[in-house]
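Reader: Before I plan anything at the bench, I would like a careful look at a single part of this protein. Please begin with the pocket you consider worth describing, and then go on, at whatever length you need, to the parts of the chain that help me find my way around the model.

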Amino acid sequence: MLNWIKGAQSDHPLADQKAARELIAELPANDSFKALEELSYWLDSLKGAEVLKLGRQFEITDLIDQTAKNHQRKLSQDYLSGGARLQKVQEIRIWNTSFNFWKQLADAYQLWLTRYQAGAAGWGALKGPLSTIVARAMRAISLQLKWQLLRYGPVAPRLWEEYGKLFAYAEEKGFVAAKVEVYPGKFGESTVQRECLKGLMLAISSTDSLLPDKLEIAERVVGQFSEFFVLGRQPAKGCHYYIDLTTGKGPARMVSRLEMTPGLRFFGPGSAAQELEKLITVLQADGVVPSNVDLGGVYNPELVLEVLRHLARYWAPVPPARGEERRRSVSRISVIHAFDDIVATVSADTQDLAFDNSAETWMVENESEGGYGALMPQTKGDWLQVGTLLGVKLEHGAAWGVGIVRRLSAYDLKQRYVGIQVFSKGATVVKLAPVSAGSRNVAQDAVLLPSSTSDSTGTGEMSLLVRPGVFSEKKNYEMQAYGRSYLLVPKKLLEGGDDFDMARFRVMQRPN
């Protein structure tokens, strides 16, 4: 009865403001894993703290949210900078810890909104920051989306459902386009609509063909230009995409025949496409990223330019055209990866030797002159990422070819789709050594791609796959192939990956 007269008191450890700050202060400053795991635990614990007044629940969530920023930034940097050096166990732990935090945070903000709508105790204290809560929930959902895209996994349908419910609520209450301070400080001002558009525009930007560092740049560019994005109930200039907020399905490019429904919204880059082209022009001319463009870090201008051009293609009114016609196919390919394994397999194949390469078998769904679209089980291919070098051989093929992963996405939790560009449908292992006056250099294995061009004298151009660090534009090379020697002059490095470089050479002469 006394509790009823005074109002029930919460025994939650964070209910007292001083105690909450002391607990937060005890978090390990140099262990972002443990800090984020504890903060996620406290967010989850608030779900059962119904006695705690809503105003206090929001204060605790805000404290956790702000405290987590540096730890999230640290783990994100570790994930993006680790590349192939990052052990799989560590990569998975970073991903799980980061994704789980953003999920718990989004759940917390949405729960406070649900309790507010139900008139929970202390609901009056939330009237002021209501639009802030919705915008923060949107941002936390978008960060879950980003982490799922970083793993090239399927986007959970619940994310689109949560976007839809929050957007519909903000529309109903009349603050969907109202400016709000989402977080204190620089870049803290936004709108609920703008936060929603950030996630939608990232989703339609074909990130399944971007490496993680490029996806990070893309997300920053989306945020930079989000003020120019547009969204409405009717198609308009600059709106090339649509989403139905009530279906739990992701966004898609506009089609000619589309049944109008109450939940349908049309969106697109608006004038951001033109602003993007301006930035590309400036970057091409100056060779540096302008100081007013915040990418959250320092990146190679050429890398940024690649991402900007990629975004420009997918923000354009007309989608990028396919270079070659795709044909439906039902066949199998054997797949190996890693430069050394490809060298060993091609060598054995050329010499008609048996070699146990532990090749995986993938199902080909479609093919063109330039490559394959294949399906592989989710349980395989932990090594797989955009830019991975592959050895490929058709089920009844005569020889091993070489290709690279250009696109990676997931249809569902059981299968992944892999887009493979084929460099050549055959390959030969050769020996390559730099030419130095007065000294003899050790020859290394290289893979000759037979797409090379040559004339009747044996001169022309050719492409070789070599280990990283072997190619230099300042050195000539001698190649041993087919029992003969060739002098090669380097032209340019075409591209590279974690364990290979692909370079172009000119065959100047055939030594005696």
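Author: In this predicted model, the lining of the second largest pocket draws at least two residues from each of helix 4 (54-82), helix 6 (130-150), strand 2 (189-190), helix 8 (192-203) and helix 9 (212-225). The volume of the second largest pocket is about 1400 Å³, and 42 residues line it, with Arg 139, Leu 143, Glu 219, Arg 220 and Asp 294 lying nearest its centre. Sorted by class, the lining of the second largest pocket is made up of 16 charged, 14 polar and 12 nonpolar residues.

Two of the helices that contribute to this lining are also useful landmarks for loops whose backbone deserves a second look. Tyr 152 sits in the loop between helix 6 and helix 7 (157-173), and its phi is near 55°, which is a positive value in a residue other than glycine. Because its relative accessibility is 6%, and the cut-off for a buried residue is under 20%, Tyr 152 counts as buried. A second case is Ser 206, which is found in the loop between helix 8 and helix 9 and has a phi near 50°, again positive in a residue that is not glycine. With a relative accessible area of 11%, Ser 206 is buried.

Another buried position belongs to a helix rather than to a loop. Asp 107 has its place in helix 5 (residues 88-117), and it counts as buried because its relative accessibility is 17%. When residues up to four places away in sequence are left out of the count, Asp 107 touches Lys 47 and Glu 162.

Further along the chain there is a closed barrel of six strands, which runs in the order 7-8-9-12-11-10 with antiparallel pairing. From one strand to the next, the twist averages 45°. Within this barrel, strand 7 (residues 327-337) and strand 8 (residues 360-368) run antiparallel and are joined by seven bridges, and Arg 328 stands opposite Asn 366 of strand 8. Strand 7 is also joined to strand 10 by five bridges, and these two strands run antiparallel as well; here it is His 337 that stands opposite Leu 390 in strand 10.

Strand 10 then carries the path onward, since Leu 390 has a bridge partner in strand 11, namely Gly 403. Four bridges join strand 10 to strand 11, and the two run antiparallel, forming a hairpin with six residues between them. Strand 10 is mostly covered, with five of its six residues buried.

The loop of this hairpin offers a contrast in exposure. Ala 398 lies in the loop between strand 10 (389-394) and strand 11 (401-410), and because its relative accessibility is 78%, where the cut-off for an exposed residue is over 50%, Ala 398 counts as exposed. Ala 398 is 27 residues away from Lys 425 in sequence, and the two C-alpha atoms are 9.4 Å apart in space.

To return to the part where we began, the residues that lie nearest the centre of the second largest pocket include Arg 139 and Asp 294, and its lining includes residues from helix 6 and helix 9.

Key
Residues numbered from 1 in each chain as written. Predicted model: local features only at pLDDT ≥ 70, side-chain atom pairs only at ≥ 80, totals over all residues. Heavy atoms only, no water. 1 Å grid on protein atoms, 1.4 Å probe; cavity = no way out; pocket = protein on both sides within 12 Å on 5 of 7 lines; lining within 4 Å. Points joined across faces, edges and corners; volume = space filled by probe spheres on them. Nonpolar A, V, L, I, M, F, W, Y, C, P; charged D, E, K, R; others polar. Pairing = 2+ DSSP bridges. Axes fitted to C-alpha atoms, helices over the stretch in contact; angles between N-to-C directions. Buried < 20%, exposed > 50% of the residue type's maximum accessible area, 1.4 Å probe, protein only. Contact = heavy atoms within 4.5 Å.
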